[in-house]
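Work through the exercises below with the sequence and the model open. Each task is followed by a solution in steps.

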Amino acid sequence: MATEAAGEGINLQCCNILFNYDIPWNPNRLEQRMGRIHRYGQRLNCLIFNFVATNTIEGRILQRLLDKLKEIRNALDYDAVFNVVGEVLPATQVERVLRDYYAGRLGTEHLEDRLLQDVDEDHCKAICQTALEGLASRELNLEILVERRARAQEHRIVPETIARFLQESAKKANLDIRPIRGQLHSFEVGATPLGLKRYQQEPDWKLPEIANRYSRISTDRNTADEGNMDWVTPGHPLFEALRRNNWKQGSETLASGACFHSLEHDRPAGIDFYRARVVDGLQQTIHERLFATEMSEGQAPRLRHPA
């Protein structure tokens, strides 16, 4: 059970059932809640249950809205009718009408008609048709899509790399970790050192607590599922604790930079790395990206791939 604060920025793909006890008038808020469980890593069908108090004004209006949308859906034979509720009935309009009602400027007999006056077959049909035309007018470049998918596959962090990271990082954290014979990229892990558990006390730690012991883990998802192991990958508490420990121990060395030799350069150049974030009003990171800029004497800065 959680408040509206859990509606965004939390990964809950380990769950597949969502109960909404309070229904926001803004459909986008519901979408954000559903997105907590219906996300990458989810392997089950997601079930969403919405509880509505039918003996209230809001409940009766919502029930009438759903009934009306079902009628329109049956008439148009198009499921996407339910996807355009936010455009047919904007949350700002609902809030404005309800304020007038509670202020006594609008009677009960006119409340539902005022709210649902724009929810009709023609209006929904026009919005759905506009959405379809917008999709149909977009040109899909299949070659670019295939190329981007191949590039993403090439740059993904493979289980072998994560397994090597765990083995090397465990030495610096005094974590006992031993490979399991016959299990791909799998390990038996000893008790979690207190030095790792302290990172969960940091203010920016937003992951579940680090377990006292993980027993058997794997960096390969299929192996983890078949062997009932913990799947350790970026975003897992143990992985992130090891990553923070590496950063803390190596921050002084990393700050001094590194020197590389390049066959493509005939003069010295420097590469600066920048991390850019998009943050919403709740200070939640919506998007994050790493940039690399090459600086050469007498030349303008050039953007390079961080890899």
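**Exercise 1. A serine and its surroundings**

In which strand is Ser186 found? Determine also whether Ser186 is buried or exposed, and list the contacts of its side chain.

Solution. The model is a predicted one.

Step 1. Ser186 belongs to strand S4, which covers residues 186–191.

Step 2. The relative accessible area of Ser186 is 2%. Buried means under 20%, so Ser186 is buried.

Step 3. Leaving out neighbours within four places in sequence, the residues in contact with Ser186 are Arg178, Pro179, Ile180, Ile217, Ser218, Thr223 and Met229.

Step 4. The side chain of Ser186 reaches the backbone oxygen of Leu184 at 2.9 Å. A polar contact of 3.1 Å also links the side chain of Ser186 to that of Ser218.

Step 5. Ser186 and Ser218 are 32 residues apart along the chain, and their C-alpha atoms are separated by 4.1 Å.

**Exercise 2. A threonine that touches Ser186**

Which helix holds Thr223, and with which side chain does the side chain of Thr223 make a polar contact?

Solution.

Step 1. Thr223 sits in helix H10, residues 221–226.

Step 2. Its relative accessibility is 9%, so Thr223 counts as buried.

Step 3. The polar contact of the Thr223 side chain is with the side chain of Asp220, at 2.8 Å.

Step 4. Not counting residues up to four places away in sequence, Thr223 touches Gln183, Leu184, Ser186 and Ser218. Ser186, in turn, has Thr223 and Ser218 among its own contacts.

**Exercise 3. Two helices**

At roughly what angle do the axes of H8 and H11 cross, and what is the handedness of the crossing?

Solution.

Step 1. Helix H8 spans residues 159–173 and helix H11 spans residues 237–255; their axes come within 10 Å and cross at roughly 60°.

Step 2. That angle makes H8 oblique to H11.

Step 3. The crossing of H8 and H11 is left-handed.

Step 4. On the H8 side, the contact is made by Ile162, Phe165, Leu166, Ser169, Ala170, Lys172 and Ala173. On the H11 side, Phe239, Leu242, Arg243, Asn245, Asn246 and Gln249 take part.

**Exercise 4. Positive phi outside glycine**

Where do Asn174 and Ser215 lie, and how does each residue rank as buried, partly exposed or exposed?

Solution.

Step 1. Asn174 is not a glycine, yet its phi is positive, about 60°. Asn174 lies in the loop between H8 and strand S3 (177–179).

Step 2. With 68% relative accessibility, Asn174 counts as exposed.

Step 3. Ser215 is likewise a residue other than glycine with a positive phi, near 60°. Ser215 lies in strand S5, residues 213–218.

Step 4. The relative accessible area of Ser215 is 37%, so Ser215 is partly exposed.

**Exercise 5. Cysteines**

How many disulfides does a search of the whole structure find? Check the cysteines at positions 14, 46 and 259.

Solution.

Step 1. The search finds zero disulfides. For Cys14, the nearest cysteine sulfur is that of Cys15, 3.8 Å away. A disulfide needs the two sulfur atoms within 2.5 Å, so Cys14 is in no disulfide.

Step 2. Cys14 is exposed, with a relative accessible area of 71%. Cys259 counts as exposed at 69%.

Step 3. Cys46 is placed in the loop between helix H1 (27–37) and strand S2 (47–50). Setting aside neighbours within four places in sequence, Cys46 is in contact with Asn16, Ile37 and His38.

Step 4. Cys46 and Gln13 are 33 residues apart in sequence, with a C-alpha to C-alpha distance of 9.6 Å.

**Exercise 6. A loop serine**

Between which two strands does the loop with Ser296 lie, and is Ser296 buried or exposed?

Solution.

Step 1. The loop lies between strand S8 (285–295) and strand S9 (302–304).

Step 2. Ser296 has a relative accessible area of 12%, so Ser296 is buried.

Step 3. The side chains of Ser296 and Glu294 make a polar contact at 3.4 Å.

**Exercise 7. The whole chain**

How many helices and strands does the protein have, and what percentage of the residues count as buried?

Solution.

Step 1. The secondary structure comes to 11 helices and nine strands.

Step 2. Of the 307 residues, 29% count as buried.

Step 3. Among contacts with a separation of 6 or more, 54% are between residues 24 or more positions apart.

How values were computed: Residues numbered from 1 in each chain as written. Predicted model: local features only at pLDDT ≥ 70, side-chain atom pairs only at ≥ 80, totals over all residues. Heavy atoms only, no water. Helix = DSSP H or I, 4+ residues; strand = E, 2+ residues; numbered from the N terminus. Buried < 20%, exposed > 50% of the residue type's maximum accessible area, 1.4 Å probe, protein only. Polar contact = N/O pair within 3.5 Å; in protein donor to acceptor, adjacent residues only side chain to side chain. Contact = heavy atoms within 4.5 Å. Axes fitted to C-alpha atoms, helices over the stretch in contact; angles between N-to-C directions. Parallel < 35°, antiparallel > 145°, perpendicular 65-115°, else oblique. Left-handed = near helix turned anticlockwise from the far one by under 90°.
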